[in-house]
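Here are some notes to help you find your way around this structure. Keep the sequence and the 3D view open as you go through the points.

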Amino acid sequence: MSLRTFVVEALADFPMVAAVSPSSRFLASAMLEPLPFARTRIALELGAGTGVITHALLEQLPSNAKLLVFEINRRFVDCLQESISDSRVILIHSSVENLSSELQRRGIEHVDAVVSSLGLAFMSDRQREALFEQLAPFLHKSSVFTQYQYIH
């Protein structure tokens with residue numbers, strides 16, 4: 001995806017994109033550092049954007065893992081579909097408001113790792129609470145959740 005496309009999408013709906021630039025490989029590295037890759041079988045990426053973190057996840061995930069990628073922006077989804085052919089990826093063009101139903105529909109009972117680039121600061125308290133209430137039943141005591149946030 002070109003930087004121009006990212007900028008167009010960010011300007012069109014900044015609260016949804018919630019980023020001032022595409023993620024860097026340095027951010028991806030920092031986001032993935034705490035993840036338990038050796039024992040990860042199911043990972044979630046919430047808000048994949050242009051896929052920088054997605055590609056970094058795929059480099060480290062075991063071959064028998066699944067990565068469920070949530071992205072609401074249609075142009076970003078198209079970009080992800082074009083750039084990722086890995087059979088471990090399940091690309092979900094949906095809001096995380098549908099997280100629970102999307103996981104249940106796919107028979108997912110728990111997740112080992114969650115990487116989130118969601119613009120939590122742009123969500124209402126109710127939206128944030130609903131997200132974590134939906135996610136909580138899928139987490140176990142050794143699940144890891146990592147999130148970054150721009151402070152505007």
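1. Let us begin with helix H3, whose buried residues are Ala28, Met31 and Leu32. These three span an arc of only 90 degrees around the axis, which puts them on the same side of H3. An α-helix has 3.6 residues a turn, so residues three or four places apart point the same way. Phe26 and Ala30 are exposed, and they sit on the face of H3 turned away from its buried side. As for partners, the buried residues of H3 pack against H4, S4 and S5. Please bear in mind throughout that this is a predicted model.

2. Now for the overall layout. The protein has seven helices and five strands, and along the sequence they follow the pattern α-α-α-β-α-β-α-β-α-β-α-β. There are 152 residues, of which 49% count as buried. Among contacts with a separation of 6 or more, 69% are between residues 24 or more positions apart. The accessible surface comes to about 8000 Å², and carbon and sulfur atoms account for 53% of that surface.

3. Helix H4 covers residues 52-60, and Ile53, Thr54, Ala56, Leu57 and Leu58 are buried in this helix. What do the buried residues of H4 pack against? Their partners are two helices, H3 (25-32) and H5 (74-83), together with the strands S1 (42-46), S2 (66-70), S3 (89-92) and S4 (111-116).

4. The largest nonpolar core has 22 residues, and those touching the most other members are Leu32, Leu35, Ile53, Leu57, Leu61, Leu67 and Val115. At least two residues of this core come from each of H3, H4, S2 and S4. Which element gives the most to this core? H4 does, with four residues. Another core lies apart from this one; it has 18 residues, including Ile42, Leu120, Met123 and Leu135.

5. Leu67 is a good residue to click on in the viewer. Setting aside residues up to four places away in sequence, Leu67 touches Thr54, Leu57, Leu58 and Leu61, as well as Ala43, Leu44, Glu45, Arg88, Val89 and Ile90. Two of these partners, Leu57 and Leu61, are also listed with Leu67 among the core residues that touch the most other members.

6. Thr146 brings us back to H3 from the other side. This residue is found in strand S5, which runs over residues 139-147. Is Thr146 buried or exposed? With a relative accessible area of 10%, Thr146 is buried, because buried means under 20%. A polar atom of its side chain lies 3.4 Å from the backbone oxygen of Met31. Not counting residues up to four places away in sequence, Thr146 touches Met31, Pro34, Leu35, Val114, Val115 and Ser116. Met31 is itself one of the buried residues of H3.

7. How many aromatic pairs does the structure hold? There is one aromatic pair. The rings of Phe132 and Phe145 have centres 5.6 Å apart and planes at 65 degrees, so the pair is edge-to-face. Because Phe132 lies in helix H7 (residues 125-135) and Phe145 in strand S5, the pair ties together parts that are 13 residues apart in sequence. Both rings belong to partly exposed residues: the relative accessible area is 33% for Phe132 and 32% for Phe145.

8. Ala65 has its place in the loop between H4 and S2. Despite the loop setting, Ala65 is buried, with a relative accessible area of 1%. Leaving aside neighbours within four places in sequence, Ala65 is in contact with Thr40, Arg41 and Arg88. The C-alpha atoms of Ala65 and Arg39 are separated by 9.0 Å, while the two residues are 26 residues apart along the chain.

9. A last stop is Glu102, in helix H6 (residues 99-105). Is this residue buried or exposed? Glu102 counts as buried, at 12% relative accessibility. Beyond its neighbours within four places in sequence, Glu102 is in contact with Phe70, Ile92 and Ser94.

Notes:
Residues numbered from 1 in each chain as written. Predicted model: local features only at pLDDT ≥ 70, side-chain atom pairs only at ≥ 80, totals over all residues. Heavy atoms only, no water. Buried < 20%, exposed > 50% of the residue type's maximum accessible area, 1.4 Å probe, protein only. Polar contact = N/O pair within 3.5 Å; in protein donor to acceptor, adjacent residues only side chain to side chain. Contact = heavy atoms within 4.5 Å. Areas by Shrake-Rupley, 256 points an atom, 1.4 Å probe, with all protein chains shown as cover. Phe/Tyr/Trp six-rings, centres within 6.5 Å; stacked < 30°, edge-to-face > 60°. Arc of directions from axis to C-beta. Core = buried A, V, L, I, M, F, W, Y, C linked by side-chain atoms within 4.5 Å.
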